[in-house]
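Me: I'm new to reading protein structures and would love some help with this one. Could we go through it step by step?

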Amino acid sequence: MPDMSHPTLSLESLAGDLPIAHPAASLSDLTIDSPASALLTDFTQVRARTIGTQTPAEEARLIMQASGVRLLLVADADGHCQGIVTAKELLGGRRTTQAMQVHQIARADVTVGMVQASCSTLHALPLTRLARLTIGDLVKALQAHGDQHLLIVDEDEQDKSRLRGLVSASDAGRALGVELGQLLREPHSFADICRVVLGHEL
């Protein structure tokens with residue numbers, strides 16, 4: 001039988017005329033002057049979508065298609081980020097072609113690890129600095145340097161660095177009613193974005 005010896009919980013009477021909570025602003029409510037942090041996919045609120053390096057690239061593409069996302073984080077067995085892989089690459093980008101040539105394999109044998117953009121090629125923006133930017137600031141940097149995604153970092157309760165989330169150009173474009181994908185050139189790292197946004201390298 002359950003232990004009923006705990007004291008009875010004290011409840012309060014409901015006050016009248018209370019405002020009702022509602023979700024944060026949707027993308028359609030945002031403007032160029034809205035905080036850039038409104039576009040953050042926060043991994044403390046939404047579980048990061050990850051995939052292993054040995055996963056076939058075609059399987060990763062199907063996962064993206066089913067999930068409605070265009071980027072997956074590549075994680076090791078400990079859940080640590082090793083890089084990112086994008087839908088554009090999985091659809092037959094430069095790395096896919098190179099992997100087939102270097103390893104002399106068919107497209108079906110290409111793995112995520114062969115086509116990922118590793119962490120060593122990426123830079124990130126601290127969450128505290130993202131909080132100071134407007135969507136306009138962010139879009140200007142994305143347009144100038146062609147990055148489709150910007151990774152965001154912060155520190156956990158033990159003051160250790162972690163990947164906190166990401167901001168995507170597609171979300172920024174939807175917020176402003178423009179197709180940023182047509183304006184962005186192919187990037188190789190996030191260094192240029194950080195230079196424009198921060199005024200210096202990280």
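Me: How much space lies in the second largest pocket?

Reply: Happy to help! Keep in mind that this is a predicted model. In it, the space in the second largest pocket comes to about 590 Å³.

Me: Which strands each supply at least two residues of the lining of that second largest pocket?

Reply: The lining is made up of 20 residues. Those nearest the pocket's centre are Leu-73, Gly-79, His-80, Cys-81 and Leu-163. The strands that each give at least two lining residues are β3 (71-75), β7 (149-155) and β8 (161-168).

Me: How many residues of each class does the lining of the second largest pocket have?

Reply: Let's sort the 20 lining residues by class. The charged class has three residues and the polar class has five. The remaining class, nonpolar, has twelve.

Me: In the open sheet of four strands, which strands stand at the edges?

Reply: The strand order is β1-β8-β7-β6, and the pairing is mixed. An edge strand has a single partner, so one of its sides is left without a neighbour in the sheet. Here the edge strands are β1 (41-42) and β6 (124-126).

Me: Do β6 and β7 pair in the parallel or antiparallel sense, and what stands opposite Leu-125?

Reply: Three bridges link β6 and β7, and their pairing is parallel. Opposite Leu-125 you will find a residue of β7, Ile-152.

Me: How many bridges join β1 to β8, and which helix lies across these two strands?

Reply: β1 and β8 run antiparallel, joined by two bridges. Thr-41 stands opposite Leu-166 in β8. The helix lying across β1 and β8, at about 40° to β8, is α7 (residues 169-176).

Me: How many residues lie between β7 and β8 in their hairpin?

Reply: These strands pair in the antiparallel sense over seven bridges. One facing pair is Val-153 and Leu-163, the latter in β8. Between the two strands of the hairpin, the number of residues is five.

Me: Is Asp-159 buried or exposed?

Reply: Asp-159 sits in the loop between β7 and β8, and its phi is near 60°, a positive value in a residue other than glycine. Its relative accessible area is 58%. Exposed means over 50%, so Asp-159 is exposed.

Me: Where does Gln-104 lie, and what is its relative accessible area?

Reply: Gln-104 also has a positive phi, near 50°, though it is a residue other than glycine. Its place is the loop between α3 (94-103) and α4 (112-115). Gln-104 is exposed, with a relative accessible area of 72%.

Terms used:
Residues are numbered from 1 along each chain as its sequence is written. This is a predicted model: local features need pLDDT of at least 70, side-chain atom pairs count only at pLDDT 80 or more; totals for chains, interfaces and linings use all residues. Side-chain values use heavy atoms; hydrogens and water are left out. On a 1 Å grid over the protein atoms alone, a cavity is a set of points where a 1.4 Å probe fits but cannot get out, and a pocket is an open set with protein on both sides within 12 Å along at least five of seven lines; lining residues have an atom within 4 Å of a point. Grid points are joined across faces, edges and corners, and a volume is the space filled by probe spheres set on the points. Ala, Val, Leu, Ile, Met, Phe, Trp, Tyr, Cys and Pro count as nonpolar, Asp, Glu, Lys and Arg as charged, and the others, Gly among them, as polar. Two strands pair if DSSP finds at least two bridges between them. Contact means heavy atoms within 4.5 Å. Axes are lines fitted to C-alpha atoms, for helices over the stretch in contact, and angles run from 0 to 180 degrees between N-to-C directions. Buried means under 20% relative accessible area, exposed over 50%, partly exposed in between (1.4 Å probe, protein chains only).
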